[in-house]
Amino acid sequence: MLQKLKNIFHFFEAVAANIVYRFPSKELTVIGVPGTDGKTTTTTLIHHILTAAGYKTAILSTLSSAHITTPGRFAVQKFLRRCVNNGCSHAVLEVTSIAIDQYRVWGTNFAVGVLTNIADHEHIDYHQTFENYKNTKLRFLDSCQQKIFGPDLKKSDFKKILAASLLLGEFNARNVMVAAQVARLLHIGEEVIGKAVASFQLPSGRLEIVHRQPLVIVDFAHTPQAFAAVLPVVKKMGKKLIHVFGATGNRDKSKRPIMASIAARYDDFIFLTHEDTYHENREQIISQLEQGLIKSDYKNYEKVYDRKLAIEKALNMAKVGDVVILTGVG
């Protein structure tokens with residue numbers, strides 16, 4: 001009830017923001033990308049393809065802020081007005097379900113809406129149920145002029161894309177396919193798309209290799225779906241997989257033991273530690289993660305309440321040929 005009352009204020013604030021900045025999206029081709037996982041990579045890839053096609057394109061994503069993917073109502077409209085003033089023709093926005101519900105992108109004229117995927121156990125703390133979470137994203141897509149629901153596996157040769165893409169993992173091949181679908185809707189040719197994909201580099205913190213021997217990888221994976229996609233890929237990259245992870249505070253608690261149980265399938269050793277705890281007790285967060293390991297009868301782990309120390313321990317444990325992956329906040 002309290003959130004609904006707040007959202008009444010948010011709505012009027014959104015109206016005011018659009019009036020103040022003169023509905024800037026009407027002068028742009030705006031692409032919005034919601035979804036549980038893959039939003040940042042897909043958003044960045046769409047921006048890269050559009051830029052390669054010769055369009056002056058702006059981007060607003062998680063990489064713009066460490067904590068807020070989609071900023072407030074006035075910030076979004078100010079950003080879009082700056083895009084217009086700087087001569088941009090296109091803008092690509094990463095859009096969260098909470099941002100949609102709180103009217104942060106209200107009034108924005110989205111030419112294309114792109115749903116990368118929908119998974120359980122994300123933002124349930126806010127939306128209360130998965131149905132509410134899903135319907136929020138679907139409602140956003142309904143407001144877009146054109147919409148894409150994940151990769152079109154029927155019309156695209158998935159194996160061909162997977163083989164041609166220089167990006168690791170099937171999940172990234174799917175991101176490539178979704179971005180290519182957007183580009184085709186915007187009348188960009190296949191040759192331009194192909195060259196852009198071939199030259200694309202993953203954004204910071206997305207399967208980012210930060211050291212070679214031992215191999216150290218940073219990835220933003222923070223959901224069960226992301227763990228199940230990323231860990232099998234990095235498992236094949238070395239002898240032993242050492243994993244440092246935690247869970248964000250004040251977020252859906254039910255996903256914590258699930259994430260840990262998935263990690264238990266692939267990791268040779270786990271350092272359970274903290275991420276952004278916000279107002280939640282870090283010992284409680286780690287204890288809830290530990291339940292997934294206990295249930296899986298997994299014993300190769302250590303709880304370390306300082307993330308820096310956990311990373312140091314992982315690096316000291318790793319030998320040449322091993323892989324250390326740091327997931328979540330990095």
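Me: Two strands pair if DSSP finds at least two bridges between them, and strands (E, at least two residues) and helices (H or I, at least four residues) are DSSP runs numbered from the N terminus. So how many bridges join strand 7 to strand 11?

Reply: Heads-up: this is a predicted model, where local features need pLDDT of at least 70 and side-chain atom pairs pLDDT 80 or more, while totals for chains, interfaces and linings use all residues. Numbering starts from 1 along each chain as its sequence is written, and side-chain values use heavy atoms, leaving out hydrogens and water. Strand 7 (residues 215–219) runs parallel to strand 11 (residues 323–327). One pairing puts Ile-217 across from Ile-325, and the number of bridges is 5.

Me: What angle does helix 10 make with strand 8?

Reply: Helix 10 (residues 224–235) packs on that sheet and touches strand 7, strand 8 (241–245) and strand 11, contact being heavy atoms within 4.5 Å. Axes are lines fitted to C-alpha atoms, for helices over the stretch in contact, with angles from 0 to 180 degrees between N-to-C directions. For helix 10 and strand 8, that comes to about 145 degrees.

Me: Which strands are the edges of the 6-stranded open sheet?

Reply: The order is 6-7-11-8-9-10, with mixed pairing. Pairing on one side only are strand 6 (208–211) and strand 10 (301–303).

Me: And the sheet of 5 strands: why do strand 2 and strand 5 each have one side without a neighbour?

Reply: That open sheet is parallel and runs 2-3-1-4-5. Strand 2 (57–60) and strand 5 (146–149) stand at the edges, and one side of each is left free of neighbours because each has a single partner strand.

Me: In strand 3, which residue is the bridge partner of Thr-29?

Reply: Strand 1 (residues 29–33) and strand 3 (residues 90–94) run parallel, joined by 5 bridges. Thr-29 is matched in strand 3 by His-90.

Me: How far apart are the axes of helix 8 and helix 9?

Reply: Two packed helices are described by the angle between their axes and the distance between the axes. Helix 8 and helix 9 (residues 190–199) pack at about 145 degrees, and their axes are apart by 10 Å.

Me: How many charged residues does the contact of helix 8 with helix 9 have?

Reply: Helix 8 brings Val-176, Ala-180, Ala-183 and Arg-184, and helix 9 brings Glu-190, Ile-193 and Val-197. Ala, Val, Leu, Ile, Met, Phe, Trp, Tyr, Cys and Pro count as nonpolar, Asp, Glu, Lys and Arg as charged, and the others, Gly among them, as polar. The tally is 5 nonpolar, no polar, and for charged residues, 2.
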